[in-house]
Amino acid sequence: MHFKFTKPLQKLLVTALLALMCAPAGEAKEAYSGTFIYIPLDDRPVTYSYPVANLEAAGYKILTPPEELLASANRTGDPDKLWQWLAENAPDADAAILSSDALIYGGLVASRTHYFDDTTLQARVHRLELLREKLPMPLYIYSTLMRTPRASFGNVEPPYYSKIGPAIFRYSELIDKEDMQGLTLRESLTKQAIKNNLPEAELNDWLQRRIKNYNVNKSLTELAGKYRFHYLAIGKDDNAPLSATHMEARYIKREAYHLSDQIFQILPGVDQLGMLLLTRAVNEKNREHPLVYTYYAEGTGRMTVPQYSDSTLGESVPQQILAADARPTTNIAEADFVLAVNTPLDGVMLDSTAPSNQFFAAPRDKKYITQLEGFLKNDYKVSLADVTYSNGADNGFMNELTNRGNLEKLTAYNGWNTADNTIGFAIAQGILAPRVSVDDNKRLMQMRLVDDWFYQSNARRSATDFLEGDGHKDAVYKLGSHAKEIRRMAQADCEALARKYPYTRDFKFKIAFPWDRLFEISVTPQNKKD
């Protein structure tokens, strides 16, 4: 098919081309800039301040609720006051990215621990149904399917879960398998024995809350089918290939088979969804669909099933790319950037505090780094998702990558929490990077390096050993009186590692423990912009 350009269109194209040619090198790309309203899951940095910092660096104004209305370590968010704030502030925005968990339960932890009845929950879903009339703008909603962890500590589940959580998880595995393919006689007897031995009241409490969560998500999916939202994402919180979360997702997908993935998706992971949907809003406003080429390290690669997930990376990565309204491509020449995914050689994903996570590179690491160097030398943008370990960086790989002078050449780096969380952020940051100045992009990456590499893989391990060796194992989940000393130790450890590498040597920062536990920190830059 041949197109003939009209003179006005020719003039427009020439003007655009000249503007691109005259743009100063190294500056952020000019594009649509506007205002988004954003209600996060809670006030954790990964769901709140980090996404906001990335979008603001890309030139967007982000309106967020007063922090006291959001869930924190010590309080549940206030759904009614959040609704009031939304109604008062939304008219100033171009699009709204909203956590339904915050607006229905009061936050992510509250979705697992609340005592709201079905009537209250469905009334709050109904408020979302009426939102389109009140807010004639694109509405991006993200929800969560209640997680099924193998174990859990630290008051983020009902109190009984720390004691009977492993038995509940095993029970849910057997329920899911029974539903999909049936059980052997031995498995049937095991399932019945677990049920008989679990405290009836506590098992029923857990099951009833799951049913309520399922019904909320089913109602939200029905609203998506009625086009009450521009887009709905449901995140599968920590789960496994056999689990209650996996089973519930299967049923929701079955009932929503007619919905396009441009309207509705179920995705692995939760904490990255706010960032992905903010990025989706950017792409849709700009009418852009960036192309992403994914390149895995040698080994199981795309067939890796990460910890806390029920999907292979080969299944989940394209889903997350689509969630950001980007597109996967198998042609690197046409890609806007390369999503480099550093996976474990054998597919076994340990926590980053494992003894095996040392500062020497394996032959496979060196080979993959050489391959990435080839991309960088050919001017491909590379956003690195470091998921060899959960909850932190691969020390040996990152040490080798940095010592070979490649760190500063990356477009973005992520290595935090679950593999799906990491990959979602890596996709979003790769997409936003052309709109971010060189200085701002460096600062955002330095923050991730301090958090994901220096703290999570190293200082956190030292802090855990210190607390457990001192007989305070429970303090890992609630620092309490140990907070000041642990913060001092962690700050010193992170600063020592930062000084070791030129890219972070001059980066001044302060870390804090906003949820009073070792699992996450906040990183606040202290030096002024260059």
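Among the contacts in the protein with a separation of 6 or more, 78% are between residues that lie 24 or more positions apart. The model is a predicted one, and its secondary structure comprises 19 helices and 15 strands. The radius of gyration is 23 Å, close to the 24 Å that the globule rule gives for 530 residues, so the protein is as compact as a globular protein of that length.

**Dimensions and burial**

- Taken along the principal axes, the box filled by the C-alpha atoms of the protein is roughly 75 × 55 × 45 Å.
- Of the 530 residues in the protein, 57% are buried.

**Surface and charge**

- The protein exposes about 23100 Å², and 53% of that area is supplied by carbon and sulfur atoms.
- There are 62 positive and 66 negative side chains in the protein, and the centres of these two sets lie 2 Å apart.

**Strand β1 and its pairing with β2**

- Strand β1, which spans residues 35-39, is mostly covered, with five of its five residues buried.
- Both faces of β1 are covered, since Thr35, Ile37 and Ile39 are buried on one side, while Phe36 and Tyr38 are buried on the other.
- Strand β1 runs parallel to strand β2 (residues 61-63), and three bridges join the two strands.
- Within this pairing, Phe36 of β1 has Ile62 in β2 as its bridge partner, and the side of β1 that carries Phe36 is also the side that carries Tyr38.

Key
Residues are numbered from 1 along each chain as its sequence is written. This is a predicted model: local features need pLDDT of at least 70, side-chain atom pairs count only at pLDDT 80 or more; totals for chains, interfaces and linings use all residues. Side-chain values use heavy atoms; hydrogens and water are left out. Helices (H or I, at least four residues) and strands (E, at least two) are DSSP runs, numbered from the N terminus. The radius of gyration is taken over C-alpha atoms; the globule rule is 2.2 Å times the number of residues to the power 0.38. Buried means under 20% relative accessible area, exposed over 50%, partly exposed in between (1.4 Å probe, protein chains only). Contact means heavy atoms within 4.5 Å. Accessible areas come from the Shrake-Rupley method with a 1.4 Å probe; for residues, only the protein chains shown count as cover. Lys and Arg count as positive and Asp and Glu as negative; His and the chain ends are not counted. The place of a charge is taken as NZ of Lys, CZ of Arg, CG of Asp or CD of Glu. Two strands pair if DSSP finds at least two bridges between them.
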